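Welcome! Here are some exercises for finding your way around a protein model. Take a look at the sequence and the structure, then work through them at your own pace.

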Amino acid sequence: MDLTLSPRERELQARAGAFVSEVLRPLEEEFERVGGRLSRKQGRDLRQAAIEARLHGGSLPREVGGQGWSVLEQVVVHEQLGQVTGGLWSYIPGAYNALAHASPAQRTRYLEPSLRGERSGSYAITEPEAGSDARTLAATAVRDPSTGDYVLDGEKWFVTGPDDTDFMIFHCVVVDGDARLPTLFLVDYDTPGVTMTHDPDYMHTFADRHPQFVLADVRVPASAVLGGVGEADSLTNDWFVEERIHIGARCGGAMERLLGLTVEWATGRVQFGERIYDFQGVSFPLADSAADAAAARLLTREAAWLADTGADPKVVHAKASLAKLFASEAAFRCADRVVQVFGGRGYMREYPAERYFRELRVDRIWEGTSEIQRLIIARALERRGVAAVVG
């Protein structure tokens, strides 16, 4: 396995890095001060800048309007995106990979405007009583035989998307007699019966919001089905695998930035007549975080390489969970150590260390908690073999 980056990958890495440092980072402190709500004009300008930088729709196939990046190319971009706080990378136009399965009409209505930065979508899976186990979802769709429409009902939490999000991918079960068929529907927020019931604030200050919705007797045509009746579990699993790899990459990028900031600070800060970097209580934890960052990067890039080279999807699934588990846990450890090195400054929101400390905590929860990743890994060890999982 050769993980040396090609010239194309290095160019993409540099382009994403320049966008982060020149366009996104200058907004970090303002974004925090205004509570994570940029003006609509600022949002439009950021999306246009991302399009001009050719960073939009990277993970989607070319045949549906994306850029067709390999998984490793996606990783080198997300390693750079992780080096900005506030989740400001959410302003880069794109779409969930399930929309690669959209019909021509759905592409016109949802996918193409998303890639142009004109629309944003969310993925509605989690429910008040169903989080990590999608098999227990209570949301339903029932076919009306008189019209052919579906009637949707359910409550969804943590429906993540930017503040201008206007449609969701609604994961529910189609009730057909005794059958319960997991299915995705495309639902506009302004459809009658769709109500945002709560838009809570969270520990982090993020470009994405995570509101709660109730759908009550929401009527949609059969053409709103995304990818086919009964296909939701497979499509959602594909999204989980992709996003877990992306999270691993962003956590690695966050650690790289945190370490860079902290080494610069600690080598210039003098206490008791010495650089604080020369105290082992400071430098040894940073060395541990450097080992964590390097391991997280290798795990994530390995998962990407396996996905790109056609490895067993079940092994890729396990490797994505390994990368997400290790990187998310390691990144939070790194942020904690860095806050300690910065001391009181590390507790100030104008410093990236404080913001990362709050932001990185959620990576151990969303897209499958660390406990869920451990379950996936443990099952893969039994079913695929130790050599396949750790080799």
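The exercises below use a predicted model, and each one comes with a worked solution.

**Exercise 1. Find the parts of the chain that the salt bridge between Glu 28 and Arg 257 links, and decide whether these residues are buried or exposed.**

Step 1. Start with the contact: the closest N and O atoms of Glu 28 and Arg 257 are 2.6 Å apart.
Step 2. Place the partners. Glu 28 sits in helix α2 (residues 28-33), while Arg 257 belongs to helix α6 (residues 232-268). They are 229 residues apart, and the pair links distant parts of the chain.
Step 3. Check the surroundings: both Glu 28 and Arg 257 are buried.
Step 4. Put the pair in context: the whole structure has 33 salt bridges.

**Exercise 2. Work out what the salt bridge between Asp 163 and Arg 40 ties together, and classify both residues by accessibility.**

Step 1. The N to O distance in this salt bridge is 3.9 Å.
Step 2. Asp 163 is in the loop between β4 (161-162) and β5 (167-176), and Arg 40 is in helix α3 (residues 40-52), so the bridge joins parts 123 residues apart in sequence.
Step 3. Now the accessibility. Partly exposed covers values between 20% and 50%. Asp 163 has a relative accessible area of 27%, so Asp 163 is partly exposed. Arg 40, at 49%, is partly exposed too.

**Exercise 3. Locate the partners of the salt bridge between Arg 219 and Asp 149, then name the residues of a salt-bridge network.**

Step 1. The closest N and O atoms of Arg 219 and Asp 149 are 3.9 Å apart.
Step 2. Arg 219 lies in strand β9 (residues 212-220), and Asp 149 in the loop between β2 (140-143) and β3 (150-156); the pair therefore ties together parts that are 70 residues apart in sequence.
Step 3. With a relative accessible area of 40%, Arg 219 is partly exposed.
Step 4. For the network, look for salt bridges that share partners: they join Glu 32, Arg 349, Glu 354 and Arg 358.

**Exercise 4. Explain why the ring pair of Phe 206 and Trp 366 counts as tilted, and say where the two residues lie.**

Step 1. The model has 14 aromatic pairs. In this one, the ring centres of Phe 206 and Trp 366 are 5.9 Å apart.
Step 2. Their planes meet at 55°, so the pair is tilted; stacked would need under 30 degrees and edge-to-face over 60.
Step 3. Phe 206 is in the loop between β7 (194-198) and β8 (208-209), and Trp 366 in the loop between α9 (352-359) and α10, 160 residues apart.
Step 4. Phe 206 is buried because its relative accessible area is 7%, and Trp 366, at 14%, is buried as well.
Step 5. Elsewhere, ring pairs link Tyr 96, Tyr 123, Trp 239 and Phe 240 into a cluster.

**Exercise 5. Name the members of a positive and a nonpolar surface patch, and describe one residue of each.**

Step 1. Lys 314, Arg 379, Arg 383 and Arg 384 make up the positive patch.
Step 2. Choose Arg 379, in helix α10 (residues 370-383). Its relative accessible area of 42% makes Arg 379 partly exposed.
Step 3. The nonpolar patch consists of Leu 381, Val 386 and Val 390, with about 260 Å² of accessible area together.
Step 4. Choose Val 390, in helix α11 (residues 386-390). Val 390 reaches 59% relative accessible area, so Val 390 is exposed.

Notes:
Residues are numbered from 1 along each chain as its sequence is written. This is a predicted model: local features need pLDDT of at least 70, side-chain atom pairs count only at pLDDT 80 or more; totals for chains, interfaces and linings use all residues. Side-chain values use heavy atoms; hydrogens and water are left out. Patches are made of residues with over 30% relative accessible area and no salt bridge: like charges are joined within 9 Å, nonpolar side chains (Val, Leu, Ile, Met, Phe, Trp, Tyr) within 5 Å. Accessible areas come from the Shrake-Rupley method with a 1.4 Å probe; for residues, only the protein chains shown count as cover. A salt bridge is a side-chain nitrogen of Lys or Arg within 4 Å of a carboxyl oxygen of Asp or Glu. Lys and Arg count as positive and Asp and Glu as negative; His and the chain ends are not counted. The place of a charge is taken as NZ of Lys, CZ of Arg, CG of Asp or CD of Glu. Helices (H or I, at least four residues) and strands (E, at least two) are DSSP runs, numbered from the N terminus. Buried means under 20% relative accessible area, exposed over 50%, partly exposed in between (1.4 Å probe, protein chains only). Rings of Phe, Tyr and Trp (its six-membered ring) pair if their centres lie within 6.5 Å; planes under 30 degrees apart count as stacked, over 60 as edge-to-face and the rest as tilted.
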